Amino acid sequence: GELVIKGSTTVLPIAQKAAEAYMAEHPDVKISLSGGGSGNGIKAIIDGTADIGNASRFIKQKEVDLAHDKSVYPVPFRVALDAIVPVVNYKNTVDDLSLEQLKDIYLGKITNWSEVGGTPGKIVVISRDSSSGTFGVWKDLVMKKERVIPGALTVPSNGGIVQAVANTPGAIGYVGLGYLNGDIKSVKVNGTPGTEENTLNGSFPIARGLFMFTKGWPTGDTMGFLSFILSQKGQELVKQAGSIPLF
Amino acid sequence: MLKRQHIDKTVQSGFLLIALFSITALFLIMVFLFIEGIPILEHISIKEFVFGKFWYPTDDPADFGILSLILGSVCVTLLSGLMAVPLGIMTAVYLAEIASPRVAEIVKPIVELMASMPSVVIGFFGMVVVAPFIQKLFNIPVGLNMFNASLMLAFMAIPTICSISEDAVFSVPTALKEASFALGATHFETIAKVIIPASLSGICTAVILGLSRAIGETMVVLMAAGGAAMIPSSIFDPVRPLPASIAAEMAEAPFRSEHYHALFAIGIVLFAFTFVFNLIADYISYKFRQVGEASL
Amino acid sequence: MIKQRLLAQKIFFLLLKAAALLNGAALLVIVYFMVSRGWRAISWEFLTQPPKDSMTAGGILPCIVGTLSLCLMTIMVALPIGVSSAIYLNEYARQGKLVRIIRLGINNLAGVPSIVFGLFGLAFFCIVLKMGVSIAAGGLTLGIMTLPVIIGASEEALKAVPNTYREASLAMGATKWQTIRKVVLPSAFPGIITGSILGLSRAAGETAPIMYTGAVFFTPDLPGSLLDEVMALPYHIYVLATAGTNIEATRHLQYGTALVLIVLVFGMNLAAIILRSKMRKKLRI
Amino acid sequence: MKHNFKMHTQDLSFFYGNFQALHTISIEFIENQVTALIGPSGCGKSTYLRCLNRMNDLIPGIRVKGRAMLDANDIYDPLVDVVSLRRRVGMVFQKPNPFPKSIFENIAYGLKVNGVKDRAKITQIVEKSLKQAAIWDEVKDRLNESALGLSGGQQQRLCIARALAVGPDVLLMDEPASALDPIATQKIEELITTLSSKLTIIIVTHNMQQAARVSDRTAFFYMGKLIEVNDTDTLFTKPALKQTEDYITGRFG
Amino acid sequence: MKHNFKMHTQDLSFFYGNFQALHTISIEFIENQVTALIGPSGCGKSTYLRCLNRMNDLIPGIRVKGRAMLDANDIYDPLVDVVSLRRRVGMVFQKPNPFPKSIFENIAYGLKVNGVKDRAKITQIVEKSLKQAAIWDEVKDRLNESALGLSGGQQQRLCIARALAVGPDVLLMDEPASALDPIATQKIEELITTLSSKLTIIIVTHNMQQAARVSDRTAFFYMGKLIEVNDTDTLFTKPALKQTEDYITGRFG
Ligand SMILES: Nc1ncnc2c1ncn2[C@@H]1O[C@H](COP(=O)(O)OP(=O)(O)OP(=O)(O)O)[C@@H](O)[C@H]1O
Ligand SMILES: Nc1ncnc2c1ncn2[C@@H]1O[C@H](COP(=O)(O)OP(=O)(O)OP(=O)(O)O)[C@@H](O)[C@H]1O
Ligand SMILES: [Mg+2]
Ligand SMILES: [Mg+2]
Ligand SMILES: O=P([O-])([O-])[O-]
């Protein structure tokens with residue numbers, strides 16, 4: 001059969017790895033995968049353009065209402081855990097920021113690295129497009145619902161942040177755990193490094209679950225795929241993709 | 001035997017019907033933009049929409065002010081025009097007047113190739129090659145900014161400007177050119193005083209259409225402009241032009257949500273911009289169209 | 001005096017030449033970067049395999065096939081409508097309000113930003129006509145976008161057919177439709193084909209219109225029907241460069257894909273240009 | 001002696017938009033005779049000629065007043081089938097304009113569009129027409145080659161053959177020899193004389209000697225008006241009007 | 001009597017790419033006389049005329065052999081300044097081609113590009129040129145109106161005035177009256193006669209009577225060759241060659 005998966009770019013690496021593995025096991029299944037963002041994933045479930053909608057946040061009340069209006073009942077599956085880690089350019093000397101400092105940087109109150117103990121230089125704030133799940137979580141947990149300055153560069157994906165931060169000496173951004181790599185440097189939050197361990201034990205403050213939504217209780221290939229992700233083997237892939245497995 | 005003539009009439013009506021398709025398509029585009037865009041006015045007035053300074057479409061309550069996006073588009077377009085217009089026109093004059101036929105035969109396809117260079121490749125180039133380069137060159141915080149985007153847009157606008165101006169310059173009647181030469185004017189004087197004035201309407205059309213192309217271009221500004229929804233204060237500020245906002249956010253806006261409607265409303269604004277540009281271009285080329293040899 | 005005038009001319013001409021050179025150079029620079037950084041990625045495997053390992057390895061076959069199928073759909077929509085519209089405008093229509101409005105519509109259609117086509121395709125083809133994200137929806141969107149180019153090219157080709165052919169045919173008691181079919185269209189055919197290829201090459205490189213209507217992030221199997229969604233070269237470049245899981249590590253794939261796209265698009269252009277010059281020579285006997 | 005009029009116009013006026021190109025022209029064209037139309041450039045000769053097979057219909061914004069008759073039928077009657085009219089009133093143009101097809105196809109074209117399907121019949125008519133146009137000997141071995149490979153004079157005779165193939169009653173010729181050299185011109189003139197035994201021919205020419213040589217009657221146009229029409233001999237030797245005389249003696253252009 | 005040659009060509013051949021349009025043409029143009037060039041369409045009259053002010057230089061792929069002299073200077077000498085040459089050898093074209101500017105600006109144009117800045121002087125020369133071209137009275141009250149509003153004949157005289165304004169020694173005219181009506185033609189012919197007292201004029205015409213009326217000498221071209229050049233009277237009454245006679249008596253085109 002055919003399986004259409006859409007949504008969060010954070011969940012994308014997991015979904016893609018799982019899809020490749022699943023298709024290898026079930027050659028008759030054809031999976032197509034789109035990114036776009038968490039909002040897109042949930043939207044696709046509601047208007048039936050996808051079988052599975054990925055989201056890096058939980059469904060919002062508004063979206064639930066919209067779904068109910070159309071007699072759709074989205075069913076969430078938590079497939080992984082994730083931490084959102086602030087990242088800076090590799091050359092940056094700063095390696096620890098408090099939640100307060102992060103908030104002030106993203107509010108535009110702190111504009112120079114010297115204000116947070118780094119070598120002087122303008123801070124280039126990089127953020128995600130406003131409807132991404134990662135942004136939503138960042139906004140809830142770091143910004144406490146206040147607004148990111150309009151002058152922040154926006155990029156469409158976690159990968160985009162990695163790339164922009166890697167190329168820009170004064171940059172700061174935030175990405176899901178799975179996207180950390182050698183090109184960029186992760187920053188501790190309130191003294192706690194963003195790692196799998198710290199996320200699981202609750203000490204890292206910017207953490208979230210990653211979800212796959214279906215339209216009603218899944219059946220057929222959809223069910224097969226979700227079961228696969230939630231299996232031992234699937235969670236192995238979650239780990240490979242850089243996120244935190246559920247077990 | 002009269003059957004043939006009846007077929008003829010039928011065929012003609014068939015062609016007319018098909019010819020109306022373009023209009024229908026344009027009309028449908030407008031209709032759908034409006035159907036999906038107008039509902040945003042239930043939440044916000046036109047004035048707040050167009051002149052609002054803040055674009056926070058997913059906040060609760062959300063802000064749907066697109067002034068910064070409009071200004072982003074306008075600034076990027078003007079800056080790119082500053083680069084593309086002189087280059088495009090000069091190349092056009094070179095091709096039509098100076099280049100030997102053999103050179104022109106080589107350069108013209110190059111201009112055509114420029115026109116068909118996929119925008120995503122140009123955006124990609126701006127993002128990965130030009131951005132780091134200008135960041136180092138000008139020692140600025142980020143290379144993804146208005147200047148970068150304008151540069152790339154100029155590349156996209158030049159072929160349009162060049163080929164339409166070239167047509168205009170080329171179609172200046174030889175009789176006028178020869179008249180000027182026969183009076184002992186140099187080629188340069190002939191170009192400056194006779195040919196350019198005579199082809200001015202065509203050149204204006206070219207410029208307007210080139211800018212129209214620049215303002216509507218999506219991938220370049222999506223990838224190279226930086227995407228910050230703020231009113232720029234220097235050419236090295238990142239901006240978020242209208243098409244980039246639509247492209248970046250459409251995928252993520254829940255179906256028929258306020259945000260979704262707001263993005264269609266941006267589509268209306270963008271459409272309006274290019275529509276007006278095209279009307280002006282159409283007006284100029286219609287009003288000043290060349291009739292016969294001795295008129296403008 | 002005359003020396004001065006000639007000097008001014010020399011300087012001016014140099015400037016113009018410099019401008020033309022600059023344009024050529026800009027194109028060369030872009031092509032150079034794509035080739036020098038992309039050619040290494042290109043291999044038989046790259047062209048004939050689907051992507052693997054979260055698109056950090058493998059090839060781009062689904063993208064190539066996807067782009068070609070979108071093109072096919074595009075031309076199926078745009079060519080018949082475009083040529084027929086051109087025939088109406090050039091052969092049948094009399095100058096008047098109706099024609100002026102049709103032309104205005106075509107000109108404006110040509111000016112509609114590509115992203116607006118995308119919005120329209122999404123709202124109309126994908127949602128209202130329930131095509132979803134598919135080759136059909138993407139191809140229709142691209143087709144409408146390409147329409148003005150094809151109309152323009154066809155009209156030019158029709159205009160280039162000497163009027164004397166039409167008069168000669170009519171003077172022998174042929175009907176207009178016979179004249180068009182037997183005399184005008186055959187003569188205009190090369191021009192129409194050339195223009196259509198050029199228009200198609202534009203469509204092949206477009207991203208914004210198919211972003212929400214035809215192309216998806218990842219679907220390694222080849223499309224089986226018009227209602228399947230596809231991967232497409234331009235969109236693939238975009239996602240690899242901005243939304244991939246490891247952007248830096250796939251740089252060579254991005255350049256490689258861009259190179260393939262450029263080769264495809266320029267190849268079409270080149271074919272069109274060669275065709276045109278061949279036909280011109282042939283008609284000049 | 002009462003002549004038989006094949007065509008005639010009566011108070012024919014013609015307008016390009018607001019510009020009146022022809023003012024109430026009345027001429028009779030006698031069957032199986034050659035009538036020449038002469039006059040300075042822009043006087044309306046071509047316009048008048050093209051009124052006679054409604055070729056002007058193709059131009060937008062034109063208007064016709066008065067009557068133009070083929071035998072007893074008004075060719076501007078709304079019921080008239082223009083396509084058939086044009087088959088009966090053939091036309092040869094100033095510049096030779098063969099189709100970019102083979103010589104054979106050029107002649108066969110008119111037959112095919114008029115519904116002749118029988119291959120043998122087509123071949124036969126092609127040969128007959130080429131012979132009538134005195135070009136058969138020159139092209140009989142290369143019927144399948146492109147017509148564009150012929151010389152200008154041959155092309156023009158081919159065009160005449162093409163016009164003859166559909167069997168017209170009247171042949172309109174608009175400066176048919178003006179682009180040709182003396183030898184080709186002479187051939188065309190001879191051809192006209194031969195054809196006139198079976199056809200009514202109306203020819204526009206700017207060459208007065210040519211008019212004198214080939215035509216039975218001549219009409220002199222000036223600024224959209226018919227100044228004088230008469231037997232060719234009379235018109236050239238004893239023009240009734242000063243304007244005609246001025247033109248004939250070359251005080252124009 | 002030994003005439004003074006203002007211009008002459010010696011074995012001048014001309015090629016458009018591989019096509020030789022002129023074959024070793026040698027003609028002398030006598031100062032302050034009118035020379036007419038006649039011949040059938042396509043024989044190379046215009047080409048030859050345009051060799052005399054190097055207007056053909058604008059066409060890509062051309063080649064010139066032989067010599068063309070203005071006074072004692074070879075105009076094809078690499079050192080020759082073409083711009084100044086064209087100022088000295090003016091030209092009037094077949095179709096009137098005024099610039100889309102005012103009447104005044106049309107005449108002033110040549111002066112301005114040639115460096116005349118003095119406003120009073122310009123005004124004075126404009127008036128003088130318009131008077132010389134016999135059009136002053138008709139336009140003196142509307143100097144600032146667009147030249148495109150003039151009639152064809154007026155436009156052509158304006159073009160002549162424009163050519164005169166820069167003070168040429170030689171005036172080349174390519175069928176200057178062919179697009180005009182008899183009255184305008186007559187005016188232009190009178191003008192040519194008047195101007196020839198101060199200028200050397202070379203005129204192409206397809207109207208033999210016109211050649212006979214306005215020229216002192218006539219050259220007959222045929223297929224890129226000079227067939228005969230002689231005093232106009234002699235050439236028309238006692239042509240030396242059969243070809244010339246054939247053409248004059250209208251056996252062509
Ligand atoms: N399509 C047209 N639209 C408007 N005016 C036209 C058109 N064709 C011709 N005319 C005008 O009608 C008049 C008569 O033109 P016509 O071509 O019949 O002249 P002619 O006698 O054939 O001249 P020539 O000897 O140059 O062929 C001219 O004044 C011309 O400018
Ligand atoms: N730009 C050109 N390129 C190639 N051949 C040309 C060009 N201009 C003219 N010719 C050819 O050169 C020959 C002479 O042309 P030219 O214009 O000098 O003739 P003409 O005597 O002035 O004729 P007309 O009386 O028709 O003006 C013709 O055979 C013509 O086809
Ligand atoms: Mg005519
Ligand atoms: Mg000529
Ligand atoms: O792409 P997101 O996971 O940030 O929605």
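The following dialogue examines how parts of this predicted model meet, between chains and within chain B.

Visitor: Why is the pair Arg256(B) and Glu36(B) called a salt bridge?

Guide: The closest N and O atoms of Arg256(B) and Glu36(B) are 2.8 Å apart. The rule asks for a side-chain nitrogen of Lys or Arg within 4 Å of a carboxyl oxygen of Asp or Glu, and therefore the pair qualifies. Across the interface of domain 1 and domain 2 of chain B, the rule finds one salt bridge. Two residue pairs in polar contact are also found there, both residues at pLDDT 80 or more.

Visitor: What makes domain 1 and domain 2 of chain B separate entries, and where do their bounds lie?

Guide: The bounds come from an automatic or database domain assignment. For chain B that assignment gives domain 1 as 2–42 and domain 2 as 46–295. The C-alpha centres of these two domains of chain B lie 29 Å apart.

Visitor: How do you know that these two domains of chain B touch?

Guide: Contact requires heavy atoms within 4.5 Å. Twelve residues of domain 1 of chain B are in contact with 13 residues of domain 2 of chain B, so the two domains touch by this rule. Together they bury about 1100 Å², with 82% of that area on carbon and sulfur atoms. Leu33(B), Glu36(B) and Ile40(B) supply 58% of the area that domain 1 of chain B buries against domain 2, more than any other three residues.

Visitor: What kinds of residue form the side of domain 1 of chain B that touches domain 2 of chain B?

Guide: That side of domain 1 of chain B divides into ten nonpolar residues, one polar and one charged.

Visitor: How do you know that chain A and chain D are not in contact?

Guide: No contact joins chain A and chain D, and their closest C-alpha atoms lie 53 Å apart. Chain A and chain E are likewise joined by no contact, with closest C-alpha atoms 52 Å apart. Among the eight pairs of chains that touch, chains B and C have the most contacts.

Visitor: What describes the interface of chain E and chain D?

Guide: Chain E and chain D bury about 1300 Å² between them, 45% of it on carbon and sulfur atoms. Across this interface of chain E and chain D the rule finds zero salt bridges. No residue pairs in polar contact, both at pLDDT 80 or more, are found across it either. On the side of chain E that touches chain D, helix H7 (182–195) and helix H8 (208–214) of chain E each supply at least two residues. H8(E) gives the most to that side, with three residues.

Key
Residues are numbered from 1 along each chain as its sequence is written. Chains are lettered from A and ligands numbered from 1 in the order in which they are written. This is a predicted model: local features need pLDDT of at least 70, side-chain atom pairs count only at pLDDT 80 or more; totals for chains, interfaces and linings use all residues. Side-chain values use heavy atoms; hydrogens and water are left out. Buried area is the accessible area (1.4 Å probe) that two parts lose on being put together, summed over both. A polar contact is a pair of N or O atoms within 3.5 Å; within protein, one must be able to donate a hydrogen and the other to accept it, and residues adjacent in sequence count only if both atoms are side-chain atoms. Helices (H or I, at least four residues) and strands (E, at least two) are DSSP runs, numbered from the N terminus. Ala, Val, Leu, Ile, Met, Phe, Trp, Tyr, Cys and Pro count as nonpolar, Asp, Glu, Lys and Arg as charged, and the others, Gly among them, as polar.
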